[in-house]
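Reader: I am new to protein structures and would like to learn how to read one. Could you take me through it step by step?

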Amino acid sequence: MTITFVGHGYVGLVTAAVFADFGNTVYVIGHTKEKIENLKRGVIPMYEPGLEELVKKNVKSKRLIFTLDYNPSISQSDIVFIAVGTPTTKTGDADLSMVLDVAKKIGQNLEGYTVVATKSTVPAGTNKKIKRILEESRPQDAEVDYASIPEFLREGSAISDTTNPDRIVIGTESKKAQELLVKLHEPINAPLVLTNFETAELIKYAANAFLALKISYANAIAKLSELIGADALKVLEGIGMDKRIGNMFLSPGPGYGGSCFPKDVKALISIAKDNDYPFSLLEEVENINNQSRRDIVRKARKMLGDIRDKKIGILGLAFKANTDDMRDAPAIDIINLLQNDGAKISAYDPKSMDVAATVLKNVDYKKNAYEAAEGADLIIVLTEWNEFKELDFSSIKNSMRTPKIIDGRNLYDPSEMSDLGFTYQGIGR
Ligand code: UDX
């Protein structure tokens, strides 16, 4: 098939590269010349394991074509995916301006029969707007059906999540569009959920909000465990063994971040409010998440007394490991709060320091974890990078002013750390 993706963020670029690798001809439309020129050379705008190789391979075989033009890519395509961003507005709603603008440009370039599908997560109800725009802008002899194919890939494991997903959700009213989309996904061995547009969209929001809820639940149990002297990791392991609960997404930490959970929880609260349903359960999920970030700072105050002029080394800035993404990373809030208290921050992250430097000022960025810890009164681990699991803590201890550590991802054994001479504080134990 010939398909087009409008947008080359995580979702657009990864899915486009995977579909090209399956043997389809895939156009990717962007709107910044420099980015498109880079992509043509295989230079990708983010760090994602395996993606650069996959893009280069398919560009070389001419199955993956990057362009600024809606023509002839759209007119030649059987299926067009909208995969541009839907950032959160100040009121918590999803900003749909990019999606709607792109829908119009797609509409104007349609030819013959085309399925237009959104990959971008859009609130229920948006489909009617997009459908109307496509209908109003299309040439008279062009025929268009509209669908939603929500995306569940995670950063850091985006390619395997796309080639090996738990399910594929296809939401459309049109049988013809459904058949074409099922055919496109044939090389992927996963159960299909075939439904209407609204249901498909809600599946995406409901899944992300539920996972965020699980994390906030784990963080609340961690808090309670600290108060009553229980070991939260054992509690969560114990409940996770119940198949009805499951053991995934129950790791307590500095709270969830990234481009999806914070935005999607907010958007679902907002969708519910618009329909006169106060989804207070999700408001509490957000509250607990914010508290989890503040709790790290509270722990630092408790360990250091007055934070002013204390040197704190931060290990890990990205919102999770294996990505350079800093969007809504807990490190941003935590470092801002520590700096407000007068702390001097040094930091190291294997991949995200360039991105971090654009959002976090007055931070002394270091070349490695050892340099970030040197002379520090306290180190705080905020991202679970593998390289932090194997650090030489004897030498770190000797280089610190006072050997204190907040292990925000529970990477280390508390008793081993205190045997080494560290004052240790994990999350929930
Ligand atoms: C998420 C969804 O998992 C994915 O299905 C969707 O398509 C996009 O949003 P992503 O944002 O890439 O993916 O990261 P994910 O691995 O889900 O982690 C999100 C956040 O939750 C991170 O900040 C992570 O550190 C945190 N988290 C995750 C926890 O704090 N504890 C956990 O047990 C799991």
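Reader: Thanks! Let me start with one residue: in which loop is the place of Y47?

Author: Happy to help, and please keep in mind that this is a predicted model. Y47 sits in the loop that joins α2 (33-40) to α3 (51-60).

Reader: Is Y47 buried, exposed or partly exposed, and why?

Author: Y47 counts as partly exposed because its relative accessibility is 29%.

Reader: Which residues does Y47 touch, leaving aside those up to four places away in sequence?

Author: Y47 touches Y10, N322, T323, D324 and K351. You can also compare a sequence distance with a distance in space: Y47 and Q425 are 378 residues apart in sequence, and their C-alpha atoms are 31 Å apart.

Reader: Let me zoom out. How is the chain divided into domains?

Author: There are two parts to look for here: domain 1 covers 2-195 and domain 2 covers 196-429. Their centres, taken over C-alpha atoms, are separated by 32 Å.

Reader: How do I read the interface between domain 1 and domain 2, and how much area do they bury?

Author: Here is the general idea: the size of an interface is often given as the accessible area lost when the parts come together. In this model, domain 1 and domain 2 bury about 2,500 Å² between them, with 55% of that on carbon and sulfur atoms. On the domain 1 side, Y47, T121 and E155 lose the most area to domain 2, and together they make up 26% of what that side buries. So our starting residue, Y47, comes back as part of this interface, because it is among those that lose the most area. As for contacts, 33 residues of domain 1 meet 26 residues of domain 2.

Reader: How many salt bridges are counted between domain 1 and domain 2?

Author: The count between the two domains is two. For the model as a whole, the count comes to 26 salt bridges.

Reader: How should I read a salt bridge inside a helix, such as the one between K105 and D101?

Author: Begin with the general idea: an α-helix has 3.6 residues a turn, so residues three or four places apart point the same way. Now the case: K105 and D101 form a salt bridge whose closest N and O atoms are 3.5 Å apart. These two residues are about one helical turn apart because they lie four residues from each other in helix α5 (residues 97-108). K105 is partly exposed at 34% relative accessibility, and D101 is partly exposed too, at 42%.

Reader: How far apart in sequence are K234 and E237 in their helix?

Author: They are three residues apart in helix α10 (residues 232-240), so about one helical turn separates them. Their side chains meet in a salt bridge of 3.3 Å, N to O. K234 counts as exposed at 54% relative accessibility, while E237 is partly exposed at 39%.

Reader: Which residues are linked in a network of salt bridges?

Author: E155, D325 and R327 are linked in this way. Within the network, the closest N and O atoms of R327 and D325 are 2.9 Å apart. D325 is buried, with a relative accessibility of 7%, whereas R327 is partly exposed at 44%.

Reader: Which residues of helix α13 are buried?

Author: In α13 (residues 330-340), the buried residues are P330, A331, I332, I334, I335 and L338. Their cover includes α12 (280-304), β9 (311-315) and α14 (353-359), among others. Just after this helix, G342 takes a positive phi of about 95°.

Reader: Which residues other than glycine should I look at for a positive phi?

Author: Two to look at are D276, with phi near 60°, and N410, with phi near 50°. D276 lies in the loop between α11 (261-274) and α12, and N410 lies in the loop between β13 (404-407) and α17 (414-419). D276 is exposed at 73% relative accessible area, but N410 is buried at 12%.

Reader: Where is the peptide bond from N71 to P72, and is it cis or trans?

Author: That bond is cis, with omega near 10°. P72 is in the loop between β3 (64-67) and α4 (73-76).

Methods: Residues are numbered from 1 along each chain as its sequence is written. This is a predicted model: local features need pLDDT of at least 70, side-chain atom pairs count only at pLDDT 80 or more; totals for chains, interfaces and linings use all residues. Side-chain values use heavy atoms; hydrogens and water are left out. Domain bounds come from an automatic or database domain assignment. Contact means heavy atoms within 4.5 Å. Buried area is the accessible area (1.4 Å probe) that two parts lose on being put together, summed over both. A salt bridge is a side-chain nitrogen of Lys or Arg within 4 Å of a carboxyl oxygen of Asp or Glu. Buried means under 20% relative accessible area, exposed over 50%, partly exposed in between (1.4 Å probe, protein chains only).
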